[in-house]
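Trainee: Could you walk me through this fold, one piece at a time?
Mentor: Sure, let's have it up on the screen.

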Amino acid sequence: MAVNLPPHYHDAESRYKKAQTPEDKLAALKEMWVLLPKHKASEKVQADLKTKISELTDQIEQAKSGPKKAAPGTFKFQRQGAGLVVFAGPPNCGKSLLMTKLTKATPAVAPYPFTTREPILGMMDYEDARVQLVDLPPITADHYETFVTDVTRAADAAVLFLDLADDDGPAATKAVVERLQRARRELVPPGTPSTDDPTTYAIPTVLVANKGDDEAADVRLEIAREELGERFPILVISAERGDNLDALRKAIYDALGVMRIYTKQPGKPADMTAPFTPPVGSTVAELAGKVHRDLEDAVKSARVWGSGVHDGQTVGRDHVLNDKDVVELHT
């Protein structure tokens, strides 16, 4: 399906390419966003525009607020697996300890605030899929590392932490949500439709109530529900004891909104060890683009084995796939 960009869109794009200042570039990009037809064929263009608008908005705001604080490193993560999930929370909420339980990462774990000073990356296994986890530095109303804004732009989902062993835990978690909102990072329940505001990133979020083994955890949990309302589904765990970690792995994976698709070559068995993970609702053509970008336009049909078809059924490029389908692509 063609995007069919209107003439005024190309005019705005020309102004964007000729613009000399970030402000002029941003104005042109916003005009392009308004003029862009919003449908499935334009999803890639929408994503590209949204990223450029967000980056320029951040750049302009940082320039107004003074010199950008230097980060202790360059945090560019090569995307791997089913998606990238950030851990966001106040100091001493147990983020780093949980990273050691879910991945092979070895962040510093200590009973004092701000042990984590830069993002820590780890890979979590969920059945036959893998998910990137990034442990962010603690966030408070007064403490926010500016590079968190850049890292969260790449996030597909987030885990928000609540400390059930701290009387101030509910208020501290609410402060994290509000501080991220100031950076135009909106934490939303999984499955929430994306925002029409191209300057704001809506991040599907699982709220994890850690230290559920504390004797006053139930009381603080009720206070947290009053503070945060029913904004997020809450999963109570104990990183220390390992309580409910399997359920957490599933919740993190489900928040990504992806499905596992296995591919095979004609006459050969399917590769069941490394599934592709396109978004739920993806078509044969969109899967082909995940396999190789040149394949998305070249694929004509596929044979599919799975829940929505007869085994080996031939389908067209617009056929919508289901979780755990096996697909044989034909060009």
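What follows is a run of questions and answers on helices, strands and loops.

Mentor: Ground rules before you start. This is a predicted model, where local features need pLDDT of at least 70 and side-chain atom pairs count only at pLDDT 80 or more, while totals for chains, interfaces and linings use all residues. Residues are numbered from 1 along each chain as its sequence is written, and side-chain values use heavy atoms, with hydrogens and water left out. Helices (H or I, at least four residues) and strands (E, at least two) are DSSP runs, numbered from the N terminus.

Trainee: Which residues of helix H9 are buried?
Mentor: Buried means under 20% relative accessible area, exposed over 50%, and partly exposed in between, with a 1.4 Å probe and protein chains only. In H9, which spans residues 284-291, the ones that pass are Val 284, Ala 285, Leu 287 and Ala 288.

Trainee: Why do the buried residues of H9 lie on the same side?
Mentor: An α-helix has 3.6 residues a turn, so residues three or four places apart point the same way. The arc is taken from the directions from the helix axis to the C-beta atoms. The buried residues of H9 are on the same side because they cover an arc of only 160° around the axis.

Trainee: What covers the buried residues of H9?
Mentor: Think in contacts, meaning heavy atoms within 4.5 Å. H9 lies across E8, E9, E10 and E11, running at about 85° to E11. The cover on its buried residues includes helix H10 (295-298), strand E9 (301-305), strand E10 (313-316) and strand E11 (326-330).

Trainee: Which strands stand at the edges of that sheet?
Mentor: Two strands pair if DSSP finds at least two bridges between them. The sheet is open, has four strands with mixed pairing, and follows the order E8-E11-E9-E10. A single partner strand leaves one side without a neighbour in the sheet, so the edge strands are E8 (262-263) and E10.

Trainee: What is the bridge partner of Trp 305 in E11?
Mentor: E9 and E11 run antiparallel and are joined by five bridges. In E11, the partner of Trp 305 is Val 326.

Trainee: Are H4 and H8 roughly parallel or roughly perpendicular?
Mentor: Axes are lines fitted to C-alpha atoms, for helices over the stretch in contact, and angles run from 0 to 180 degrees between N-to-C directions. Under 35 degrees counts as roughly parallel, over 145 as roughly antiparallel, 65 to 115 as roughly perpendicular and the rest as oblique. H4 (residues 95-102) packs on H8 (residues 245-255) at about 90°, with the axes 12 Å apart. The pair is therefore roughly perpendicular.

Trainee: How many nonpolar, polar and charged residues are in the contact of H4 with H8?
Mentor: Leu 98, Lys 101 and Leu 102 of H4 meet Leu 245, Leu 248, Arg 249 and Ile 252 of H8. Ala, Val, Leu, Ile, Met, Phe, Trp, Tyr, Cys and Pro count as nonpolar, Asp, Glu, Lys and Arg as charged, and the others, Gly among them, as polar. That gives the contact five nonpolar, no polar and two charged residues.

Trainee: How many residues of E3 are buried?
Mentor: Strand E1 (residues 84-88) runs parallel to E3 through four bridges, and Val 85 stands opposite Leu 133. Strand E2 (residues 120-126) is antiparallel to E3 through seven bridges, with Met 124 opposite Val 131. E3 itself (residues 129-135) is mostly covered, the buried count being six of its seven residues.

Trainee: Which residue takes a positive phi in the hairpin of E2 and E3?
Mentor: Two residues sit between the strands of this hairpin. The one with phi near 50° is Glu 127.

Trainee: How many residues of E6 are buried?
Mentor: E6 pairs in the parallel sense with strand E4 (residues 157-163) over six bridges, and with strand E5 (residues 185-188) over four. Strand E7 (residues 234-236) also pairs with E6 in the parallel sense, over three bridges. E6 is mostly covered, and the buried count is nine of its 10 residues.

Trainee: Is Lys 211 buried or partly exposed?
Mentor: Lys 211 is in the loop between strand E6 (201-210) and helix H7 (217-228). Its phi is near 65°, positive in a residue other than glycine. With a relative accessible area of 24%, Lys 211 is partly exposed.
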